[in-house]
Each structure stands twice: as C-alpha cells, then as structure tokens.
Amino acid sequence: MILKTWQRALSVALFSMIIVTAVAAQNPYDKFRNREYSNQGYLSQEDELKLAAQVHQELLKETRLVQDRNLNSYINNIGQKLASQSERRDIPWKFHVVDDKAINAFATLGGYVYVHTGLIAATTNEAQLASVIGHEIGHIVGRHGLENVKKQQKFGTLAGIATVAGAILGGQTGAGIGQLAGGLLAGGYLMKHSRDAEREADFLGVHNLERAGYNTGGMVEMFEILNQLSQSNPNLFGSILASHPPASERAANTVREIEDQMRGSDARGTKQTTTFGRVKSSLPTTTQSTTTTPATPRKVRRRP
Ligand SMILES: [Zn+2]
C-alpha cells in the first residue's frame, strides 16, 4: 500500500514534469504556422474592397485624418513596403494617419490601415513603428474583421456576411451600404478581435517585418514601450490596444518566435532612419504636448 502510494506520487510527479516540459516546448505561434489565407467562406475579395471603401467613408465622419503630406507619405511608404511582403500582395493597400493622441492603430478590412499620431509619438525608432503596421496588416491578412462579421451573423446580432454581400451584389445605393458599414463600425465589429486573432496578427507581423528588411527586435521593443506606458499613462490608450493580450506576453511570444524561426533577425535589418526623426518632430503639436516620452526600452532579454 505504501509502495503503491509512493508509485502514484512518482507517476504524478513525472506526468507534471512532462506537462511542464511540453508547455515550455510549445511555441504559441505553432498553430498559425501552416495556415492558408483566402476569402473563402467570407465575402469575395472584390466585395470586401467595396465594403472597406464604404467603411472608410463612414469613418471619415467621426475621425480626423492628418493632412500633412510628408507624414502621410512616410507612413504610406512603410506600409507599402510591408504589404508588398505580406500574404496579401494583390490588393491595393491604404495607410492613413489619424490625428489622435491616444496610442492606437487599427485595421478594418480590404487593405485599410490607420495609425494614430499618438502611437507615432510613443515610438523611438522606425522598426517599432513598422511592427505595429505589420500587426495591423496581419489582421487584414487573417481576415479577422470578416471573421467577426461572420460570428455576429451566427449570433443573429447583426446583419452578417450574407446581408452585406447581398446589399453589395444587389447594387444597393451608397446609402444602403453606408448604413451597413456604419453599423459595423458602431458595433466595433471590425476592430475588436479575440486574443488568438491578436496573437496571429503578432505572428504574421513579425515575419512580415523580417521579410521587409526590418529589425525584428523593434517589435519586442514596441511591446516593452506599451507595457511601460500602460502602467504610467493608461489613459493614453485607445480601447482597442487594451483588448490585446498583455504586452509582456506579446513580448515573450515574439522573443520566442525570433529565437525559434528567425534567429539573428533582431540583430540585423533597418531599425532607425533619419526620416523617422524628422517626421516625429513634425507631428501635430496636440500630440506632442500630451504624450509622455517613454523611457528607453530595455535591451531584449534572451531566454537562457
Ligand atoms: Zn490587433
């Protein structure tokens, strides 16, 4: 009896060790690794692009876009460089800068990506900024906005994919599609994602960053900045970034992925450019005066 108890204890201990080892060995991004991306089961790409354009029109009603040509072309250049190395190279990508001090960026669908001036102000180099844009591109590659619309349809809480597609294909007037697009925006359906969708966007983003020739350490630094700022200035965060997994977890996942799949990519590639400094110092004063400059990010710690 005593022996049996001892044996049971030993086997429980061994099992725990196996689990711990398995958990430690598991890269959280493995489940995304062989995924293939397409519009199958969602809207056709053509309809997605039409809806995205309509959503943009609705967004303009309540969002102030930056008109500064230098700032716009700088963000667009980074975005196009990344998009041309993404898994969706065949759609026209549009990158816009929103005049808003909240530290935020978001993507809707069909290639539309938005970056807040507050986010640009919080970064200290171009690779960090590019990592956020890469993450947003990842949401559009992963069809995360479309997936949310599909889910809402299942729960019957919103006119879903079929209705939207029907409206577009049925040649509804702009006002009709506008109403649908407005509903999608108001409900936040295009930008609020599951934590797993956020992880997938981080996964797609860090690989996109590397393919575009950026230093992947920029993404880890960005999470460290977000981590620091979320503690010191939580009111600077848009609700969207707050719904992501904790920045510390995102940093750890990224470090792990770099070590497992792209070793050395955090020691090469573009990190800083002179244009970054020039653009950052010309941000609208509303952003500059209200944003705290974050401390220099700590050096990336490696796993032993
Ligand atoms: Zn996200």
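Leaving aside its neighbours within four places in sequence, which residues is Ile-133 in contact with? In this predicted model, the list runs Ile-78, Gly-79, Leu-82, Val-113 and Val-115. Let's use that spot as a way in.

## The nonpolar core

Ile-133 sits in the largest nonpolar core, a group of 69 residues. Along with Val-55, Val-113, Val-115, Ala-130 and Leu-184, Ile-133 is among those with the most contacts inside this core. The top contributor is helix H5, spanning residues 126–141, which puts in eight residues.

As a bit of background, nonpolar side chains in soluble globular proteins tend to be buried together.

## A sheet of three strands

Next, the strands. There are three in an open sheet, lined up as S1-S3-S2, and their pairing is mixed. Strand S1 (94–98) and strand S2 (105–107) are at the edges with a single partner strand each, so one side of each has no neighbour in the sheet. On average, and ignoring direction, neighbouring strands here are turned by 15° against each other.

S2 and strand S3 (residues 112–116) pair up in the antiparallel sense, with three bridges between them. If you want one bridge to look for, try Ala-107, whose partner in S3 is Val-113. Val-113 has already come up twice: as one of the residues with the most contacts inside the core, and as a contact of Ile-133.

There is a helix to spot here too. Helix H3 (residues 69–83) lies across S1 and S3, and runs at about 135° to S1.

## H5 and H9

Back to H5, this time with helix H9 (residues 195–211). Their axes come within 7 Å and cross at roughly 120°. Angles between 115 and 145 degrees count as oblique, so H5 is oblique to H9. The crossing itself is right-handed.

Plenty of residues take part in this meeting. On the H5 side they include Ala-130, Ser-131, Gly-134 and His-135, while the H9 side includes Glu-200, Ala-201, Leu-204 and Gly-205.

## H5 and H10

H5 also packs with helix H10 (residues 217–232), at an angle of about 85° and with the axes 8 Å apart. That angle falls in the range from 65 to 115 degrees, so H5 counts as roughly perpendicular to H10.

From H5, the contact uses Ala-127, Gln-128, Ala-130, Ser-131 and Val-132; from H10, it uses Gly-218, Met-219, Glu-221, Met-222 and Ile-225. Look out for Ala-130 and Ser-131: they meet H9, and they are also part of the contact with H10.

Technical notes: Residues are numbered from 1 along each chain as its sequence is written. This is a predicted model: local features need pLDDT of at least 70, side-chain atom pairs count only at pLDDT 80 or more; totals for chains, interfaces and linings use all residues. A nonpolar core is a set of buried Ala, Val, Leu, Ile, Met, Phe, Trp, Tyr and Cys residues joined through C-beta atoms within 7 Å. A residue is buried if 20 or more other C-beta atoms lie within 10 Å of its own, exposed if 12 or fewer, and partly exposed in between; C-beta atoms are placed from the backbone. Helices (H or I, at least four residues) and strands (E, at least two) are DSSP runs, numbered from the N terminus. Two residues are in contact if their C-beta atoms, placed from the backbone, lie within 7 Å. Two strands pair if DSSP finds at least two bridges between them. Axes are lines fitted to C-alpha atoms, for helices over the stretch in contact, and angles run from 0 to 180 degrees between N-to-C directions. Angles under 35 degrees count as roughly parallel, over 145 as roughly antiparallel, 65 to 115 as roughly perpendicular and the rest as oblique. A crossing is left-handed if the near helix is turned anticlockwise from the far one by less than a right angle, and right-handed if clockwise.
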